[in-house]
Amino acid sequence: MIPQAENISLRDAMLALGVVALWGLHIVIIRIGATEIPPFLLLTLRFSILAAIGIFFLRKLSADKIKAIFVYTIFYMVLHLGTIFLGLKYTPSSIGGLILQTQVPFAILLGWFFFGERFGVKTFAGLLMAFIGVMIIIYQPAGSTAAQNFSYFGAFTILASAFFWAVGSLRMRFIQDVGFVDMTLYSHLIALPFALLLTLVFESDHIEAIKAANPYTLGGVLAYQVILMSLCLFLWKGLMVRNKAYQVTSFSLLQPIFAVGFAILLLGEGMDAKTIIGGAVALCGVGVVTFRKMQKSEKSPARQGEL
C-alpha cells in the first residue's frame, strides 16, 4: 500500500495564502510607483536600498557560485523586474496581473527545450489555453473604445517579463548551497549597476522626478518592495522546505485573482467582458499545467519524466 502524503498544515496554508496575496498586491504597488517616477529609476532606488544595507553583511562566496548568481540576476532581477516595472507604467495592473500568468507555461516550455523535460497532451492543452487566454486579453479590435486606452507596448513588455521570470527561475537550478540572505544581497548588488545604466540611458531629469513625487507614496512603494517582498521570499522559501513543492506552488494560482481584486479595489480599474473571458481561459490553462505538475510529483520516480 502506498502511503498517503501529508497535507499542508493550516498554518502553512494560511501563510502561503498571505504571501500570494501580498504578491498580487505588489502588482498594484509597482503600477503606483511606476506612474509616480520613471520605472527604471524606481528599480534603481529599490536595488540601491538593499545593496546599501547588504554590503555590510556579505559573506565571501566561491567564483562558481557568484557566476551562477550573476546569470540568474541578469534574467530575473534586471530583465524580469525591469520589464515588469516598465510594462506596468503603461498597462493597468489588473491586465498586467493576468498576462503574468504565462510565467508557469513559459517555464514548462523552457524546461522542455533546454532540459528535455517531457509533457503530455493534457499539459500541452493547458499551455495552449494559457496563451490563447492571454492573446484574447491583448487583442483589441481596431476602433474599439478599449483599444484607444490600451498599450500593446505595455502588454507585450509584461509578456516578456513573464518569459524572463521563467528563464531566471530555471537558472536557480544552478545555484547550489547559497543561503537566502547571501542570494538576496549578491543579486541586488549585481543588479544595481545595470538598473542604473538603464535609467541613465532611457530616462532623464531624475532629481526633478524624485522631487515632484509624493514622498509618502514613493516611500510606501519602496518600503513595500524592500521589506515586504524580501519577507515574502523568505517565508516562501521556508514553505517550500517544510512542504512538498506542489502543495505550496498551487497557491500561486490565486495571485492574478488577488492582483485584479486589489486593482479594482484600490485603483478603481475596470475590466471588460473580453478581458474577463481571456483571463478565465488563461487561468484555467495555468491551472491544468499546475495540477499536472502536482500529479507528476506524486508519481513514482520512474514516471516523473512526463507531465
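Colleague: Let's start with Cys 232: does it count as buried or exposed?
Modeller: Bear in mind that this is a predicted model. The relative accessibility of Cys 232 comes out at 1%. The cut-off for buried is under 20%, so Cys 232 counts as buried.

Colleague: And what about Cys 284, how does that one count?
Modeller: Cys 284 has 45% relative accessibility. Exposed would need over 50% and buried under 20%. Its value sits in between, so Cys 284 counts as partly exposed.

Colleague: How many disulfides does a search of the whole structure find?
Modeller: A disulfide is a covalent bond between the sulfur atoms of two cysteines. The search asks for a pair of cysteine sulfur atoms within 2.5 Å. Run over the whole structure, the count of disulfides is 0.

Colleague: What pattern does the chain follow along the sequence?
Modeller: The chain has 14 helices and 0 strands. Read from one end to the other, the pattern is therefore helix after helix: α-α-α-α-α-α-α-α-α-α-α-α-α-α.

Colleague: With those helices, what is the radius of gyration, and why call the chain as compact as a globular protein of that length?
Modeller: For 307 residues the globule rule gives 19 Å. The chain comes close to that, so it is as compact as a globular protein of that length. Its C-alpha trace spans about 70 × 55 × 35 Å along the principal axes. The radius of gyration itself is 20 Å.

Colleague: Of contacts between residues at least 6 apart in sequence, what share joins residues at least 24 apart?
Modeller: For background, 48% of the 307 residues count as buried. As for those contacts, the share joining residues at least 24 apart is 87%.

Colleague: Which residues is Ser 187 in contact with, its sequence neighbours aside?
Modeller: Ser 187 is found in helix H9, residues 180-202. With a relative accessible area of 2%, it falls under the 20% cut-off and so is buried. Leaving out neighbours within four places, its contacts are Ile 69, Tyr 72, Thr 73 and Met 77.

Colleague: Which residue has a positive phi although it is not a glycine?
Modeller: Most residues other than glycine have a negative phi. The one to look at here has a phi of about 50°. It lies in the loop between H9 and helix H10 (206-212), and it is exposed, with a relative accessible area of 51%. That residue is Asp 205.

Colleague: What does Asn 243 touch, neighbours within four places aside?
Modeller: Asn 243 lies in the loop between helix H11 (215-242) and helix H12 (245-249). At 13% relative accessibility, it is under 20% and so counts as buried. Its contacts are Ile 8, Ser 9, Asp 12 and Val 248.

Colleague: How far apart in space are Ile 276 and Gly 133, C-alpha to C-alpha?
Modeller: Ile 276 has its place in helix H14, residues 273-298. It is partly exposed, with a relative accessible area of 49%. In sequence, Ile 276 and Gly 133 are 143 residues apart, while in space their separation is 9.5 Å.

Colleague: What separates the C-alpha atoms of Ile 264 and Pro 38?
Modeller: Ile 264 is found in helix H13, residues 255-267, and is partly exposed at 42% relative accessible area. Along the chain, Ile 264 and Pro 38 are 226 residues apart, and their C-alpha atoms are separated by 23 Å.

How values were computed. Residues numbered from 1 in each chain as written. Predicted model: local features only at pLDDT ≥ 70, side-chain atom pairs only at ≥ 80, totals over all residues. Heavy atoms only, no water. Helix = DSSP H or I, 4+ residues; strand = E, 2+ residues; numbered from the N terminus. Buried < 20%, exposed > 50% of the residue type's maximum accessible area, 1.4 Å probe, protein only. Contact = heavy atoms within 4.5 Å. Rg over C-alpha atoms; globule rule 2.2 N^0.38 Å.
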